[in-house]
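Got the viewer open? Follow along and I'll tell you what to select at each stop.

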Amino acid sequence: MRVTWTADGDTWRMAFRLDAEDDVTGRCADGQPLRLATNSFRIELPRTLREIHPDLLALAAWTVAAPWTRRRIVFDRPISDGLAGAIGDGWGIEAGPVGTGARSGGRLAISYSGGADSVAVAAMLPDAPFVHFQRVSHPRVPNRWTHYRSDVLAELAAATGRELTVVRSDLEFTLAEPRPGYPEHHAVAAGALLMADELDLGGLAFGYELGSRWLGGDRYLLRYTPDNPMWAPHGAWGRAFAAAGVHLVLPVGGVSEAVTMRLALNSELRGQVRWCLRGVGGPCGTCGKCLYKELIQAAVERRPLRTTITAGRPVARRWQEPPPYGGQEMIEYGCARVPGVEDTVFGAAARYLGATESSTAWLERCYPPAIEEIPEPWRGRVRDFMTGEIGLMNEDEARRVETWGVA
Ligand SMILES: [Zn+2]
């Protein structure tokens, strides 16, 4: 794999060329099969920068190129020994050339999407600036996803009144299948990486919560994942980001989506929370994500489910079938707490799971090891918030995390 960056004013373009052993099919760090659509993309920064540390350019490139790289990657600027070592250790890929010093920075920014989880992070860290990734169209790939309203999400981010950097990119269109999106989950940070020297970033906070960090989350099912390759600080991606002087920070990594939902709904940013990519004047209310989040919100607010989605609809089909489910801990939590859930699209799931308020009480507190893995400069603030506002899991509750998918 060969990577070339070129700058034209505030726009940076990356082109990559596959070597003979590389392939247009690959896998994301979570195992998802991916197929490449095109080999170039751009990132539009809010202003023209004089210089960007080569490790930042290389790591941003790696968040897109990693799935397709088989043996080695050659960057167009020498990288640090530390970053080359992290890519070698984490992926078994030879990275180079090597020949620059490591970088470091001081501030913590939030990779802000506007969803409940990142609003919860924003509520915990009221002074942290936001960096928001906005999808724009690719000049050579038709956009069949015009219902994804990235412009609405960017407007909502601006409406928060927080210090905000918006970076616009078409990098999601490098992916043909399963659909346009981040080749690696970390590609959402590509723009933040390019801005890291300008913003003096030493860390980047993400809204990944207990499920994503420790329970397998999303595309994984029902598996305790202390060595999560994407989000553990000692995992491949954690070490690569640390080598580039931008530590991965998961301030809500120890709490469930019930806690992040409650924090978001009680936040002054409540009016700007939006987890749905489809709605303009509000969430669409008809997609699978809206249905999932409605279950959690109804549980947190202790009210009946408000939805027009019926059991026969495709987005509700998975809940008519037996578990395991992605995000199953939150399905259990919702089914245990939503009044009248047995007569909703989650009725079948509720019968299969048999969850109760006491069997899901662990999901209301913080898993202590998630605090210990926050980098030292920011750990105290997270610990103070979790002990003061949320409360820590006791040993029995922590064991629920550590036996998830095993018991
Ligand atoms: Zn929706």
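Which domains does the domain assignment give for the chain? Colour residues 2-249 as domain 1 and residues 285-361 as domain 2, and you have the assignment on screen. Keep in mind that you are looking at a predicted model. If you place a marker at the C-alpha centre of domain 1 and another at that of domain 2, the two lie 32 Å apart.

**Stop one: a helix on the inside**

Now select residues 116-124, which make up helix H3. Are the residues of H3 buried or exposed? Nine of the nine are buried, so the helix is largely enclosed by the rest of the structure. Buried here means that 20 or more other C-beta atoms lie within 10 Å of the residue's own. Click along the helix and you pass Ala116, Asp117, Ser118, Val119 and Ala120, then Val121, Ala122, Ala123 and Met124, each of them buried.

What covers the buried residues of H3? Show these pieces around it; the cover includes two strands, E8 (107-111) and E12 (201-205). Add helix H8 (257-265), helix H9 (288-301) and helix H13 (376-390), which are also among the covering elements.

**Stop two: a small set of strands**

Hide those and select residues 25-27, 33-36 and 175-177, which are strand E3, strand E4 and strand E11. In what order do the three strands form their open sheet? Read across and you get E3-E4-E11, with antiparallel pairing. E3 and E11 are the edge strands, each pairing on one side only. Look at the twist too: neighbouring strands in this sheet are turned by 45° against each other on average, ignoring direction.

Zoom in on E3 and E4, which are joined by three bridges in the antiparallel sense. Pick Arg27 and you'll find it opposite Pro33 of E4; pick Thr25 and its opposite number in E4 is Arg35. The hairpin of these two strands has five residues between them, and Gly31 takes a positive phi near 95° there.

Swing over to the other pairing, where E4 and E11 run antiparallel over two bridges. Arg35 turns up again here, standing opposite Glu177 in E11.

**Last stop: the two faces of E4**

Which residues of E4 are on the covered face, and which on the uncovered one? Show the side chains: Leu34 and Leu36 belong to the covered face, while Pro33 and Arg35 are on the uncovered one.

Note on methods. Residues are numbered from 1 along each chain as its sequence is written. This is a predicted model: local features need pLDDT of at least 70, side-chain atom pairs count only at pLDDT 80 or more; totals for chains, interfaces and linings use all residues. Domain bounds come from an automatic or database domain assignment. A residue is buried if 20 or more other C-beta atoms lie within 10 Å of its own, exposed if 12 or fewer, and partly exposed in between; C-beta atoms are placed from the backbone. Helices (H or I, at least four residues) and strands (E, at least two) are DSSP runs, numbered from the N terminus. Two residues are in contact if their C-beta atoms, placed from the backbone, lie within 7 Å. Two strands pair if DSSP finds at least two bridges between them. Axes are lines fitted to C-alpha atoms, for helices over the stretch in contact, and angles run from 0 to 180 degrees between N-to-C directions.
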